[in-house]
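The exercises below are meant to be worked through with the sequence and the coordinates side by side. Try each task before reading the solution that follows it.

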Amino acid sequence: MARAIVYTEIGSPDVLHPIEIPDPVAPRGEVVVRIEAAGVNPIDAKLRGGKRPSPPITEPRPVGFDGAGVIEVLGEGVDDLRVGDRVAIRDGHGTYASALAVPAEHLAPLPDAVTMAEGAAIGIPAGTAYQALRSLEVVAGDVLLVHGGSGAVGQAAVQFAVAWGATVIATGSPARHDQLRELGALPVAYGDGLIDRIRDTAPSAVTVVLDCAGTDEAIETSLALVSDRDRIATIVRGPDAASFGIRAFSGGSPVPLTDQELAWRAEALPQTIALLETGDFTVELGPQLPLAEAVRAHELLESGAASGKIILVP
């Protein structure tokens, strides 16, 4: 039997509980992965807590979208993977588990130089950042403002944009400024006077904004600095982004991602792994907890008490 974390009602982290499940099988086009690390993402907690709408719960609902592990079983029609391959998972359905059947197209090979924890940490954050910057058409010469630059998506956005030749200004608490500088950003503190501090820091006018914070301050600052609303996007304020005339990518947005945007999110996983392998991308890892401590993982996530990506280890 395999183990999985599930919930049967919407609520606090305490609704999460472990169960035994039948060992997964691999339908055509899928593989069974022995999970060695599962990434804990804000969307996991938002779905569990009802902050993001989801269908009625009619059976135990699995948790988690990102993970990494080793292929144990190949389904029919899977020809480019092998049993024993190390892989990272994006857009899985229930990665808080000891084993999971995953469509082959949701996997990316994970070289030995990249740890399982790193592989499990990048699916949603790197995919979101990469797609958002592509959608905003960030290129060399742009001056990009990232609100919430020290979060997982913010850090990924900083690194991609710097690699593409953009100048990046990132907001964050002073305690995180050294880290943001190491990633290549020009850090700016939140709070009164933010617009003036950004203008003083930027070598030229800000041309594009990605909001990963979702605060009123972030929205107001973005609108004050960039007149082209098509070059302002949020990943947090989806429901009310249209009222500001800005773009929203997920974050509860009623506007679905396009086929191209979904393709960019998929493309991000192997691209990020390649950068990790060469040392040109870093992932801030936080606590690594046993799978059975999923409740604790969500408590840490929602309280903001942990820096870095929280990882569950079956």
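**Exercise 1.** In this predicted model, how much space lies in the second largest pocket? Describe its lining as well.

*Solution.* Begin with the volume: the second largest pocket holds about 220 Å³ of space. Next, turn to its walls, where 15 residues form the lining, and Ile246, Arg247, Ala248, Ser253 and Val255 are those that lie nearest the centre. Then assign the lining to secondary structure: helix 8 (241-244) and strand 14 (247-248) each supply at least two of the lining residues. Finally, sort the lining by class, which gives 10 nonpolar, three polar and two charged residues.

**Exercise 2.** Determine whether Leu210 is buried or exposed, and establish which residues it contacts beyond its neighbours in sequence.

*Solution.* Locate the residue first: Leu210 belongs to strand 12, which covers residues 208-211. The relative accessible area of Leu210 is 0%, and since the cut-off for a buried residue is under 20%, Leu210 is therefore classed as buried. Leaving aside neighbours within four places in sequence, list the contacts of Leu210, which are Ala132, Leu133, Leu136, Leu144, Leu145, Val146, His147, Ala157, Ala233 and Ile235. For a sense of distance, take Gly304, which is 94 residues from Leu210 in sequence and lies 21 Å from it in space, C-alpha to C-alpha.

**Exercise 3.** Which residues have the most contacts inside the largest nonpolar core, and which helix gives the most to this core?

*Solution.* The largest nonpolar core has 47 residues, and the most contacts inside it belong to Leu133, Leu144, Phe160, Leu210 and Ile273. Helix 4 (residues 152-163) gives the most to this core, contributing six residues. As a general background, nonpolar side chains in soluble globular proteins tend to be buried together. Now follow Phe160 outward: not counting residues up to four places away in sequence, Phe160 touches Ala126, Ala129, Tyr130, Leu133, Thr272, Leu275 and Phe281. A second, separate core has 17 residues, including Val15, Val40, Ile43 and Tyr96.

**Exercise 4.** Is Asp192 buried or exposed, and what does it touch?

*Solution.* Place the residue first: Asp192 sits in the loop between strand 11 (186-188) and helix 6 (194-201). Its relative accessibility is 79%, and because exposed means over 50%, Asp192 counts as exposed. Once residues up to four places away in sequence are set aside, Asp192 touches Arg197 and Glu217. As a last step, compare positions along the chain and in space: Asp192 and Asp216 are 24 residues apart along the chain, and their C-alpha atoms are separated by 12 Å.

Technical notes. Residues are numbered from 1 along each chain as its sequence is written. This is a predicted model: local features need pLDDT of at least 70, side-chain atom pairs count only at pLDDT 80 or more; totals for chains, interfaces and linings use all residues. Side-chain values use heavy atoms; hydrogens and water are left out. Helices (H or I, at least four residues) and strands (E, at least two) are DSSP runs, numbered from the N terminus. Buried means under 20% relative accessible area, exposed over 50%, partly exposed in between (1.4 Å probe, protein chains only). Contact means heavy atoms within 4.5 Å. A nonpolar core is a set of buried Ala, Val, Leu, Ile, Met, Phe, Trp, Tyr and Cys residues joined through side-chain atoms within 4.5 Å. On a 1 Å grid over the protein atoms alone, a cavity is a set of points where a 1.4 Å probe fits but cannot get out, and a pocket is an open set with protein on both sides within 12 Å along at least five of seven lines; lining residues have an atom within 4 Å of a point. Grid points are joined across faces, edges and corners, and a volume is the space filled by probe spheres set on the points. Ala, Val, Leu, Ile, Met, Phe, Trp, Tyr, Cys and Pro count as nonpolar, Asp, Glu, Lys and Arg as charged, and the others, Gly among them, as polar.
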